[in-house]
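Subject: Structure handover

Hello,

Here is the structure you were waiting for, with my notes below it. Please read the notes with the structure open.

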Amino acid sequence: GMAITGSNSNSLVVSQNTISAFSGSAAAILHGINVAGGIDVRVLKNKIYDLSSGNSNADVSGIFQTTNTSFYATNNCIGDLRAPFAANDNAVKGISIGGGSSILVRNNSVLLSGSSSGANFGSSAIYASTTATLTLQNNLLINRALANGSGKTVAFRRSNSTFSSYS
């Protein structure tokens, strides 16, 4: 995958990349694009697909974001993310938003499918922490993954039921 770490004084643009064909059984964490830090971070027009972790503690995300002041994910295409042995209830996420003060997720397409033999497997097309001030607009979210145990297959999942940070 691609890891991008910025400071609080820079703008970052990650655009028009194809990230695919990453797999492994040892690595629990597999993110297509992992962005942490930075002001005005834009992830635009990327294709992220065919990512698979065979670890039972898998955390597979197409785009994984944490702690940006402003973060924009626009016109990305994400699919074929897999964790066939994962035993956690949110093992596969198309877009994962961990925090930030101004988050815009717009015009993205996420398609999830597949299953896991692990207990309590679940997946989310978009996952968002309630610490993020989030705006979602015009995203196509399809999650056909088969949940296992107490896991859930959801299009949009929040870290809790607070909606005060959702706009």
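I start with N138, which is exposed, because its relative accessibility is 66%. Bear in mind throughout that this is a predicted model. N138 sits in the loop that runs between strand 14 (134–137) and strand 15 (140–143). Apart from residues up to four places away in sequence, N138 touches N107 and N108. With N107 there is a polar contact from side chain to side chain, at 2.7 Å. N138 and N75 are 63 residues apart along the chain, and their C-alpha atoms are separated by 10.0 Å.

That leads to the loop between strand 8 and strand 9, where N75 lies. N75 is partly exposed, with a relative accessible area of 37%. Its phi is positive, about 60°, although N75 is not a glycine. As background, most residues other than glycine have a negative phi.

N76 is found in the loop between strand 8 (68–74) and strand 9 (77–82) as well. Is N76 buried or exposed? N76 has a relative accessible area of 2%, so it counts as buried. A polar atom of the N76 side chain lies 3.0 Å from the backbone oxygen of V43. Leaving out residues up to four places away in sequence, the residues that N76 touches include V43, L44, K45, N46 and I63. N107 and N108 are also among the residues touched by N76, and both of these are touched by N138 too.

D80 is another residue with a positive phi, about 55°, and it is not a glycine either. D80 is found in strand 9 and is partly exposed, at 38% relative accessibility.

Now the charged pairs. Side chains of opposite charge can pair when their charged atoms come close. How many salt bridges does a search of the whole structure find? The search finds 4.

- D80 and R82 form a salt bridge in which the closest N and O atoms are 2.6 Å apart. R82 is partly exposed, because its relative accessibility is 28%. D50, D80 and R82 are joined into one network by salt bridges that share partners.
- D40 and R42 form a salt bridge, with 2.9 Å between the closest N and O atoms. D40 has a relative accessible area of 23%, so it is partly exposed. R42 is partly exposed too, with a relative accessible area of 30%.
- D59 and K93 meet through their side chains in a salt bridge, at 2.8 Å from N to O. D59 lies in strand 7 (residues 59–66) and K93 in strand 10 (residues 92–97), so this pair ties together parts that are 34 residues apart in sequence. Both D59 and K93 are buried.

Next, the nonpolar residues. The largest nonpolar core has 35 residues. Those with the most contacts inside this core are V60, F71, A83, V92, I95, I97 and V105. What is F71 in contact with, leaving aside its neighbours within four places in sequence? The contacts of F71 are V35, V41, V43, I63, Q65, I97, S102, I103 and L104. V43 and I63 are in contact with F71, and N76 touches V43 and I63 as well.

On the surface, L111, L140 and I142 make a nonpolar patch of about 240 Å². L111 is found in strand 12 (residues 109–112). L111 is partly exposed, because its relative accessibility is 41%.

The last residue on my list is S123, in strand 13 (residues 123–128). S123 counts as buried, because its relative accessibility is 1%. The side chain of S123 makes a polar contact with the side chain of N143, at 3.0 Å. Not counting residues up to four places away in sequence, S123 touches D89, N90, V92, L112, N143, A145, K152, T153, V154 and R157. V92 in that list is also one of the residues with the most contacts inside the largest nonpolar core.

If you want a short route through the model, begin at the loop that holds N75 and N76. From there, go to the buried pair D59 and K93, and then to S123 in strand 13.

Regards

Definitions and conventions. Residues are numbered from 1 along each chain as its sequence is written. This is a predicted model: local features need pLDDT of at least 70, side-chain atom pairs count only at pLDDT 80 or more; totals for chains, interfaces and linings use all residues. Side-chain values use heavy atoms; hydrogens and water are left out. A nonpolar core is a set of buried Ala, Val, Leu, Ile, Met, Phe, Trp, Tyr and Cys residues joined through side-chain atoms within 4.5 Å. Buried means under 20% relative accessible area, exposed over 50%, partly exposed in between (1.4 Å probe, protein chains only). Contact means heavy atoms within 4.5 Å. Patches are made of residues with over 30% relative accessible area and no salt bridge: like charges are joined within 9 Å, nonpolar side chains (Val, Leu, Ile, Met, Phe, Trp, Tyr) within 5 Å. Accessible areas come from the Shrake-Rupley method with a 1.4 Å probe; for residues, only the protein chains shown count as cover. Helices (H or I, at least four residues) and strands (E, at least two) are DSSP runs, numbered from the N terminus. A polar contact is a pair of N or O atoms within 3.5 Å; within protein, one must be able to donate a hydrogen and the other to accept it, and residues adjacent in sequence count only if both atoms are side-chain atoms.
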